[in-house]
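Please load the model in a viewer and keep the selection tool at hand. The tour goes from the whole chain to one sheet, and then to the empty spaces.

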Amino acid sequence: MGAISLEELGLDPDMVSDPFLGALKLRLRDSRIKYMRIYEDNSLTFGLFCFPAGATIPLHNHPGMTVFSRLLFGRLRVSAYDWLVQPPAPIVAGAAAARMVCNAVVDHASDPLVLFPASGGNLHEFVAETPCAVLDLLTPPYEPPERNCTYYRVQRPPLTWPVGGPGGRKVPGSRAPAVGDVVELEVFEPPDSFEVVSGLYPGDPVT
Ligand SMILES: [Fe+2]
């Protein structure tokens, strides 16, 4: 993953120094993420996710899968969790405890990330701080119903009232999670604003 060049993928090396130029060249519009499939067979899925600035892939799982991700240009915040107790089957309803294992901004100089079925941050969220592109390899691929993608969010405790009751100022019940924190993750339906459209892979073919 680390050795593949931008040129081989049909991308312009200038995108590293100017991610906004990258967004223009990749024709990224509004908040939609573009996915370009590079190669797929029974054992793996290999593709390219291209993000406009601010776009988010909500927290989701990769049940029984190993995933390699490499940031090619731009900056991307990666937040990742592992279940505190590995469930025998994917959690598709309700909530369960998970520990945050990663909360970092990666760029083109970062090593490729790898996550495993029960470690390394099997559940992750991507937030694009600038336009960016991620090379993504999943093995084995998603294959519903047994290897389906489920979305989650951190369950927030209810807002609490300061002394003085509801006439007082509302204060948040919690701070943002940090690495090492244990939180409850609940299943949720991603918002309509989350949209991934497909694009044509411009690089060298993989066979
Ligand atoms: Fe993912």
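Begin with the whole protein coloured by secondary structure: from the N terminus on, the elements run α-α-β-β-β-β-β-β-β-β-β-β-β-β. The protein thus has two helices and twelve strands, where helices (H or I, at least four residues) and strands (E, at least two) are DSSP runs numbered from the N terminus. The radius of gyration is 18 Å, close to the 17 Å that the globule rule gives for 207 residues, so the protein is as compact as a globular protein of that length. That radius is taken over C-alpha atoms, and the globule rule is 2.2 Å times the number of residues to the power 0.38.

The model is predicted: local features need pLDDT of at least 70, side-chain atom pairs count only at pLDDT 80 or more, and totals for chains, interfaces and linings use all residues. Residues are numbered from 1 along each chain as its sequence is written, and side-chain values use heavy atoms, with hydrogens and water left out.

Display the C-alpha atoms alone: along the principal axes they fill a box of roughly 65 × 40 × 30 Å. Buried residues (under 20% relative accessible area, 1.4 Å probe, protein chains only) make up 41% of the 207 residues.

**The sheet**

Select the six strands that form an open sheet in the order E3-E8-E5-E6-E11-E10, with antiparallel pairing. Two strands count as paired if DSSP finds at least two bridges between them. At the edges are E3 (56–60) and E10 (152–154), each pairing on one side only. Neighbouring strands of this sheet are turned by 35 degrees against each other on average, direction ignored; the axes are lines fitted to C-alpha atoms, and angles run from 0 to 180 degrees between N-to-C directions.

Stay with E10, which pairs with E11 (182–187) in the antiparallel sense over three bridges. Select Arg 153 and, opposite this residue in E11, Glu 186.

**The pockets**

A pocket is an open set of points on a 1 Å grid over the protein atoms alone, with protein on both sides within 12 Å along at least five of seven lines; lining residues have an atom within 4 Å of a point. Points are joined across faces, edges and corners, and a volume is the space filled by probe spheres set on them.

The largest pocket has a volume of about 400 Å³. Select Tyr 35, Phe 49, Leu 138, Tyr 142 and Tyr 151, which are the closest to its centre among 18 lining residues. E1 (33–40), E2 (45–51), E3, E8 (123–128) and E9 (132–139) each give two or more residues to this lining, and E1 has the largest share, three residues.

Move on to the second largest pocket, with about 290 Å³ of space. Of its 15 lining residues, Tyr 81, Glu 125, Val 154, Arg 156 and Pro 177 lie nearest the centre. E3, E5, E6 (95–106) and E10 each supply at least two residues of the lining.

**The cavity**

Which space is closed off? The structure holds one cavity of 30 Å³ or more, a cavity being a set of points where a 1.4 Å probe fits but cannot get out. The volume of this largest cavity is about 50 Å³. Select its lining, including Ser 69, Arg 70, Leu 71, Phe 126 and Val 134. E4 (66–73) and E5 (76–83) each supply at least two of the lining residues, and the largest share, three residues, comes from E4.

Conventions: Buried means under 20% relative accessible area, exposed over 50%, partly exposed in between (1.4 Å probe, protein chains only).
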